[in-house]
Amino acid sequence: MKKYIILIFSLLSVLGTPAQITDYSIFDNKFNFMVCNDLGRNGYYDQKPIAELMGEMAEKGVDPEFVAALGDVHHFNGVQSITDPLWMTNYELIYSHPELMLDWFPILGNHEYRGNTQAVIDYSKVSRRWEMPARYYTKVYRKGDMSLRLVWIDTTPMMAKYRNHPDEYPDAARQDWQQQLHWIDSVLTAEREDWVVVMGHHPIYADTGKDESERQDMQQTVNSVLKRHDVDLYINGHIHNFQHIRRKDSRIDYVTNSSASLSRSKVKAVEGTVFNSGEAGFSIVSATADSLVLRMIDKRGNVIHEVVRTRKH
């Protein structure tokens, strides 16, 4: 039987007051990882300051196990090869803090699909910390009596908008999206972990000016599988702001993680919106056997919202 989950809203959400982390013991004895996306601006806008903030917070006490990079590491046209200069200007020279010299687990965004997507995977052979075993993959982590399954998915081929434009997204139509969907279903069918988090680049639900067909395709394909297996979190990027949505027809928390370089400040509530913010930033996820917490961090290092899920034994 699937675990019983209670959603708890933090005081941050109720009061709407950002809080600077001063006591890093909140990350002690937990499995922590960072989430960032929509990065590649050659260090401009807020990318470099946020990169430094990620490293500083890691050093002060977050002690992340890894960084999950949820697509669009390279704006605007992806990369052409594993030696493309953008690897230096968008990634290596920007995320240079010693505490960020750990594993990065990426997925492809729509901007990577404008270039050579295989080069993004093959860069794993060049960079010690870039770990991308496939276009979609899963990993299981354990810490003490806690178990966590993470599933990284490749969302661009799931949408007809991209598949139908091979001139702009040449690799999208070449992918077997139905095979990926079967794979997601099989992985979630077999899962027995305490927590299950699925991560993709595109949102299932969000306020956005982007084509409505994107969300419709994601709802009809990916969301139908996620709901059937009652996963805990679905985390995405793409929209360049923070959003937390919980709908009446689903027990999943849908989280849009903001851009770690250039945000879009205009965001409004939609059906199920718990919180939204136009700030740039990143997120930190912390797991124990009893709780799963996602903290949204703005570019000044404030926790502006928490998504908290707890288990009853």
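This is a short chat about strands, loops and a few single residues in a predicted model.

Q: Let's start with the sheet of seven strands. What is the strand order?
A: The order is S6-S7-S8-S9-S11-S10-S12. The sheet is open, and its pairing is mixed.

Q: Which strands sit at the edges?
A: Strand S6 (137–143) and strand S12 (273–277). Each of them pairs on one side only.

Q: And how much are neighbouring strands turned against each other?
A: By 15° on average, with direction ignored.

Q: Back to S6. In which sense do S6 and S7 pair, parallel or antiparallel?
A: Antiparallel. S7 covers residues 146–152, and seven bridges link S6 with S7.

Q: Give me one pair. Which residue in S7 is the bridge partner of lysine 139?
A: Leucine 150 is the partner of lysine 139.

Q: Which helix packs on this sheet?
A: Helix H6, residues 177–190. H6 touches S6, S7 and strand S8 (195–199).

Q: What angle does the direction of H6 make with that of S7?
A: About 175°. Angles here run from 0 to 180 degrees between N-to-C directions, so H6 and S7 point in nearly opposite directions.

Q: New topic: strand S15. How many of its ten residues are buried?
A: Nine of the ten. S15 spans residues 302–311, and it is largely enclosed by the rest of the structure because so many of its residues are buried.

Q: How many bridges join S14 to S15?
A: Seven bridges, and the two strands run antiparallel. S14 covers residues 291–298. One of the pairs has leucine 294 facing its bridge partner in S15, valine 307.

Q: What comes between S14 and S15?
A: Three residues, in a hairpin. Glycine 301 in that hairpin takes a positive phi near 85°.

Q: How many bridges join S2 to S15?
A: Two bridges. S2 is residues 19–20, and it runs antiparallel to S15. Alanine 19 has valine 303 as its bridge partner in S15.

Q: Let's do loops. Where is leucine 262?
A: In the loop between strand S11 (253–256) and S12.

Q: Is leucine 262 buried, exposed or partly exposed, and why?
A: Partly exposed, because its relative accessible area is 28%. The class runs between the 20% and 50% limits.

Q: Which residues does leucine 262 touch, leaving out those up to four places away in sequence?
A: Arg41, Tyr45 and His240. Leucine 262 and histidine 240 are 22 residues apart along the chain, and their C-alpha atoms are separated by 7.0 Å.

Q: Now the loop between S4 and H3. Where does phenylalanine 76 lie?
A: In that loop, between strand S4 (67–69) and helix H3 (86–92). A cis peptide bond joins histidine 75 and phenylalanine 76, with omega at about 5°.

Q: What is the phi of aspartate 72?
A: It is positive, about 55°, although aspartate 72 is not a glycine. Aspartate 72 also has its place in the loop between S4 and H3.

Q: Is aspartate 72 buried or exposed, and why?
A: Buried, because its relative accessible area is 1%.

Q: What about histidine 238: what is its phi near?
A: Near 80°, a positive value in a residue other than glycine. Histidine 238 lies in the loop between strand S9 (233–236) and strand S10 (242–245).

Q: Does histidine 238 count as buried or exposed?
A: Buried, because its relative accessibility is 2%.

Terms used: Residues numbered from 1 in each chain as written. Predicted model: local features only at pLDDT ≥ 70, side-chain atom pairs only at ≥ 80, totals over all residues. Heavy atoms only, no water. Pairing = 2+ DSSP bridges. Helix = DSSP H or I, 4+ residues; strand = E, 2+ residues; numbered from the N terminus. Contact = heavy atoms within 4.5 Å. Buried < 20%, exposed > 50% of the residue type's maximum accessible area, 1.4 Å probe, protein only.
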